[in-house]
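Good morning, and thank you for coming. I should like to take you through one part of a structure; please look at the display.

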Amino acid sequence: MGLCDFKCQGRNSVSVCTWSQWLDPHRSVSKRVNCMAVGGSYLFIGLSGGLEVYTLADHDWISGWEANKVEVCTLTVCPVQDQVYFLGTVDDMGIARLFYFSDENLSFLKTFNEPEDASKRTNCVMFQLSQGGGYAGILLEGGHSRQHIPQHFTIKRGHVQTINSVQVKTI
């Protein structure tokens, strides 16, 4: 299982001014850009408050996902099929999320580690997608333990059919 080549790690912010100038001088971006990744002809951007997708050729906004108080810090993009991508994100609270981009629509699929009780929260320290998007590996830390959660995805006719945990391993 090879790792995707398209990856943005860390909290390297791009200034709002520079980002606005890259897009369109008449459009202003009011959210901080935390990370970016390229997949095919698209630019995927992790922001303070969500995700946005733009075309690389003409910088047009395509789709987005907004969530108050979510600071996307890590973004991994993996091509699945022609113009179809999985996006793995980790926010500033260590919450891992999976998204699916197809037909110019960005869809939220799953949160892997958001507990009902915040005192029992585990932090995602690594989120990797396999080449082709069939599998994901999520490494969680919490308390005095680590867990590796492998996931398997089934895609039929360009749509995600199932997301299954393969086996949880405590490290």
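Tyr85 is buried, at a relative accessible area of 4%; buried means under 20%, exposed over 50% and partly exposed in between, with a 1.4 Å probe and protein chains only. This is a predicted model, in which local features need pLDDT of at least 70 and side-chain atom pairs pLDDT 80 or more, while totals for chains, interfaces and linings use all residues. Residues are numbered from 1 along each chain as its sequence is written, and side-chain values use heavy atoms, without hydrogens and water.

Which residue forms an aromatic pair with Tyr85? The structure holds 11 aromatic pairs, and in one of them Tyr85 meets Phe101, tilted, at 6.4 Å centre to centre and 35 degrees between the planes. Rings of Phe, Tyr and Trp (its six-membered ring) pair if their centres lie within 6.5 Å; planes under 30 degrees apart are stacked, over 60 edge-to-face, and the rest tilted. Tyr85 lies in strand β5 (residues 84-91) and Phe101 in strand β6 (residues 96-102), 16 residues apart; strands are DSSP runs (E, at least two residues), numbered from the N terminus. Phe101 is also buried, with 0% relative accessibility. Tyr42 and Phe44 join Tyr85 and Phe101 in one aromatic cluster.

Let us turn to the core. A nonpolar core is a set of buried Ala, Val, Leu, Ile, Met, Phe, Trp, Tyr and Cys residues joined through side-chain atoms within 4.5 Å. The largest has 18 residues, and Phe44 and Phe101 are among those touching the most other members. Strand β4 (61-81) gives the largest share, seven residues.

Conventions. Helices (H or I, at least four residues) and strands (E, at least two) are DSSP runs, numbered from the N terminus.
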